[in-house]
Amino acid sequence: MPGLGLQRAIALLVASTLVLQAQSDDKDGIYTDPTHLQGASDIVVSDNKIAYVAVDSNYFSLVALSVKSSYSPAFVDATSLDNSASTPLNLTTSRGTEGSNSSAGWGDVGASAQDLLSSSVSKKVALHSGGAPQTSPSVLVVSPYLEPYFTRVNLDTATGAFNSQCSVGSKYAIGAKDVLVHVDTAYILTTDNHMEVFDVSAYYIYDCASYLGGYAFEGSYPGDSWTPSAFAVSFPFAYVLSKDNQELKVLNVNNPSYIKQTGSLQDYNYLSSGEAMVIQGSYAYIAVDSAGGLSFGSTLMVIVSLAHTDPQIIGYYEEDEDENVCLGPNSLAVKGKYAYLSCPQSCSLVVVDVTNNFSPKRVGRLNDCDHLAFTSAIALHSNDVSEDPATEPGQSSAPKVAATTPTFVYAVSDIGSSLTVIDVSDPENPHISKYKSVSKKSLAGWKIALIILGVAAFITLWTLGGIFLFKHYQNKRRGQVLLA
């Protein structure tokens, strides 16, 4: 029937057009940028939804991306680190051992440039929100590559873009492994096994930061080295982890000029593989890789109680080998009752319920080898939270995120040169943020399609009706002829 064929052809053409239109309106939370994100090594996210990414690159060292739209990250700014306005660390006193700044000189335990270049240490970044009224927000970037020691980049409060920058250089051959900021105080782990403390309340190009004090890490016996691998600050304490020394140290940093150790935890089974650490409340969450990235069956996170003078491991997150859940955990974020574990060797992000710190359990997992295979770091951001006091043993009195609160994990990939936004608002169903729209153009297309289909249907019915009447008339005449 020609009318029916015409109707089908028109319907197929219109449907194909609408499908293509819908696909063009779909968006997801993946931003790929080989120019700026090649070698991405660390990430922080500000309250106004700007992601700052540290990059190990010859061209750019710091990149700003807007993540105000979770399904459409956008480029804001990029900069290299300039040490032309570097403030040298001409200290009146030397860095020292416990409770003193006078016994060990700068660079006494220094690492060579070749050692640093061959190590896996990368640039790290921390956000200073501008605690002092006169201070605007800034980003601190530290580099293991000796010079500058650390750089502070001032931010435009409206756009999040980069303004002026200043840097602190060193007259000794040292670099920095990591940086954290508490209010107006910056804590920096150095490549020669020290922790340095700086006041960053003021910002001037030629007066970038004021040195407050430091601490030299030493082994159990004189002459033994003690190499920090991760640290966290929950004022007035700093918690420093060494996987080489299988130890967690607790330092009182209330007085930066007299930092002293107040406790420690030695554990040869799990701390020897500690990769990352986050403090929430009176607990430390440490990502570990007890299998050394060689098999799936292993302990992936330990929970340490900090309520006592000497910390104690109280909980373990473990998976069976046949589950194939997480391999090679390297980054960790914790918020409220959930911990988020990045596992690049298994292309996955794992969500762990830590409501009961004695018995953490996995509740969700995202596996995506297209985007999570080379994750170097993750950061977490969510909206307002409310207090949820602990009522049961083993439950931390930490902020609890409401079920309806949008919560996102931001994962950066060094080799993939990308930022991936993962929606973890539903912990049991983490997924890459997506958006499907029906634009005005699409709605207009639907209206046109309905009109065309209506006209086609009318033509078809008219044609079928005509054919039916014509055949009925022919049959009637044929009958009359036969009777005659």
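Here are some questions and answers on how terms apply to this predicted model.

The model is predicted, so local features need pLDDT of at least 70 and side-chain atom pairs count only at pLDDT 80 or more, while totals for chains, interfaces and linings use all residues. Residues are numbered from 1 along each chain as its sequence is written, and side-chain values use heavy atoms, with hydrogens and water left out.

Q: What makes the contact of Asp56 with Lys123 a salt bridge?
A: A salt bridge asks for a side-chain nitrogen of Lys or Arg within 4 Å of a carboxyl oxygen of Asp or Glu. The closest N and O atoms of Asp56 and Lys123 are 3.7 Å apart, so the pair meets the rule. Four salt bridges are counted in this way.

Q: Which parts does the pair Asp56 and Lys123 tie together?
A: Asp56 sits in the loop between strand 4 (50–55) and strand 5 (62–66), and Lys123 in the loop between helix 3 (113–117) and strand 8 (124–128), so the pair links parts that are 67 residues apart in sequence. Helices (H or I, at least four residues) and strands (E, at least two) are DSSP runs, numbered from the N terminus.

Q: Why is Lys123 called buried or exposed?
A: Buried means under 20% relative accessible area, exposed over 50%, and partly exposed in between (1.4 Å probe, protein chains only). Lys123 has 7% relative accessibility, so Lys123 counts as buried. Its partner Asp56, at 23%, counts as partly exposed.

Q: How do you know that Lys243 and Glu275 form a salt bridge?
A: Their closest N and O atoms are 3.2 Å apart, so the pair falls within the cut-off for a salt bridge. Lys243 lies in the loop between strand 17 (237–242) and strand 18 (247–252), and Glu275 in strand 20 (residues 274–280), so parts 32 residues apart in sequence are tied together. Lys243, at 27%, counts as partly exposed, and so does Glu275, at 31%.

Q: What is the burial of Lys249 and of Glu247?
A: Lys249 is buried, with a relative accessible area of 6%, and Glu247 is buried too, at 8%. The two form a salt bridge, with the closest N and O atoms 3.9 Å apart.

Q: What makes strand 12 and strand 13 a pair?
A: Two strands pair if DSSP finds at least two bridges between them. Strand 12 and strand 13 (residues 185–190) share six bridges in the antiparallel sense, so they satisfy that rule. They belong to an open sheet of four strands in the order 12-13-14-15.

Q: Why do strand 12 and strand 15 stand at the edges?
A: Strand 12 (176–182) and strand 15 (210–216) each have a single partner strand, so one side of each is left without a neighbour in the sheet.

Q: What makes a set of residues a nonpolar core, and how many residues has the largest one?
A: A nonpolar core is a set of buried Ala, Val, Leu, Ile, Met, Phe, Trp, Tyr and Cys residues joined through side-chain atoms within 4.5 Å. The largest has 20 residues, and those with the most contacts inside it include Tyr285, Met301 and Tyr317.

Q: How confident is the predictor, in terms of pLDDT?
A: On this scale of confidence in each residue, from 0 to 100, the chain averages 77, and 67% of the residues score at least 70. Helix 3 has the lowest mean pLDDT among the elements (34), and strand 26 (residues 348–353) the highest (96). Where pLDDT is low, the predicted coordinates should not be read in detail.
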